[in-house]
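Trainee: I am new to this structure and would like to go through it with you step by step. Could we begin once it is in front of us both?

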Amino acid sequence: MDVHHIAEQNMFVIDYEGAQAVLHYVLSKSSDDVTAIDFNSTFVPPQFRGKGLAEKLVRAGIKWAKEQGYELHASCWYAAKFIR
């Protein structure tokens, strides 16, 4: 189960058994010209919930954002659990 980053659509995805789990984000510049990332939604198809797909997406997204030097934010309640 690989996580794919689709930068032009601001999302991370996992293709799983013909369905797709998704983590969406928005990039913005703060007042001090630092790029901030807001993980604003996660979606896992109901039949695949409880298998760790959302966690895998969020961890991959946070890892990538840290590598970019982005300031981390999450308006998605699920992603916020990993940023605190």
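Mentor: Before we speak of loops between strands, note that helices and strands here are DSSP runs, of at least four residues for a helix and at least two for a strand, numbered from the N terminus. Please also keep in mind that this is a predicted model.

Trainee: How many helices and strands are there in the protein chain, and what pattern does the chain follow along the sequence?

Mentor: The protein chain holds 2 helices and 5 strands. Reading along the sequence, one meets them in the pattern β-β-β-β-α-β-α.

Trainee: What is the radius of gyration of the protein chain, set against the globule rule?

Mentor: For 84 residues the globule rule gives 12 Å, and the value for this chain is close to that, so the chain is as compact as a globular protein of that length. Along its principal axes the C-alpha trace spans about 45 × 25 × 15 Å. The radius of gyration itself is 13 Å.

Trainee: In which sense do β2 and β3 pair, and over how many bridges?

Mentor: Strand β2 covers residues 11-16 and strand β3 covers residues 19-29, and the two form a hairpin with 2 residues between them. Within this pairing, Tyr 16 stands opposite Ala 19 in β3. The sense is antiparallel, over 6 bridges.

Trainee: Which residue in the turn between β2 and β3 has a positive phi?

Mentor: In general, most residues other than glycine have a negative phi. The residue you ask about is not a glycine, yet its phi is positive, about 50°. It lies in the loop between β2 and β3, and it counts as exposed because its relative accessible area is 63%, where over 50% is required. This residue is Glu 17.

Trainee: Is Tyr 16 buried or exposed?

Mentor: Tyr 16 is found in strand β2. Leaving aside residues up to four places away in sequence, Tyr 16 touches Met 1, Phe 48, Lys 51 and Leu 53. Its relative accessibility is 19%, and the limit for a buried residue is under 20%, so Tyr 16 counts as buried.

Trainee: How many bridges join β3 and β4, and which residue in their hairpin takes a positive phi?

Mentor: β3 and β4 pair in the antiparallel sense over 8 bridges, with Tyr 25 standing opposite Phe 39 in β4 and Leu 27 having Ile 37 as its bridge partner. Their hairpin has 5 residues between the strands. The residue with a positive phi, near 65°, is other than glycine and is exposed, with a relative accessible area of 57%. That residue, found in the loop between β3 and β4, is Asp 33.

Trainee: Do β4 and β5 run parallel or antiparallel?

Mentor: Strand β5 comprises residues 71-74, and 4 bridges join it to β4. One position to look at is Asp 38, which stands opposite His 73 in β5. The two strands run parallel.

Trainee: Where is Ile 83, and is it buried, exposed or partly exposed?

Mentor: Ile 83 belongs to helix α2, which covers residues 77-83. Not counting residues up to four places away in sequence, Ile 83 touches Phe 39, Ile 62, Leu 72, His 73 and Ala 74. Its relative accessibility is 26%, which falls between the 20% limit for buried and the 50% limit for exposed, so Ile 83 counts as partly exposed.

Trainee: How far apart in space are Ile 83 and Leu 72?

Mentor: Leu 72 is among the residues that Ile 83 touches, although the two are 11 residues apart in sequence. From C-alpha to C-alpha, their separation in space is 7.2 Å.

Trainee: Which element supplies the largest share of the lining of the largest pocket?

Mentor: The largest pocket has a volume of about 180 Å³ and is lined by 14 residues, of which Thr 42, Val 44, Arg 49, Ala 54 and Tyr 78 lie nearest its centre. The lining divides into 8 nonpolar, 3 polar and 3 charged residues. β4, α1 and α2 each supply at least two lining residues. The largest share, 3 residues, comes from α1.

Note on methods:
Residues are numbered from 1 along each chain as its sequence is written. This is a predicted model: local features need pLDDT of at least 70, side-chain atom pairs count only at pLDDT 80 or more; totals for chains, interfaces and linings use all residues. Side-chain values use heavy atoms; hydrogens and water are left out. Buried means under 20% relative accessible area, exposed over 50%, partly exposed in between (1.4 Å probe, protein chains only). Contact means heavy atoms within 4.5 Å. On a 1 Å grid over the protein atoms alone, a cavity is a set of points where a 1.4 Å probe fits but cannot get out, and a pocket is an open set with protein on both sides within 12 Å along at least five of seven lines; lining residues have an atom within 4 Å of a point. Grid points are joined across faces, edges and corners, and a volume is the space filled by probe spheres set on the points. Ala, Val, Leu, Ile, Met, Phe, Trp, Tyr, Cys and Pro count as nonpolar, Asp, Glu, Lys and Arg as charged, and the others, Gly among them, as polar. Two strands pair if DSSP finds at least two bridges between them. The radius of gyration is taken over C-alpha atoms; the globule rule is 2.2 Å times the number of residues to the power 0.38.
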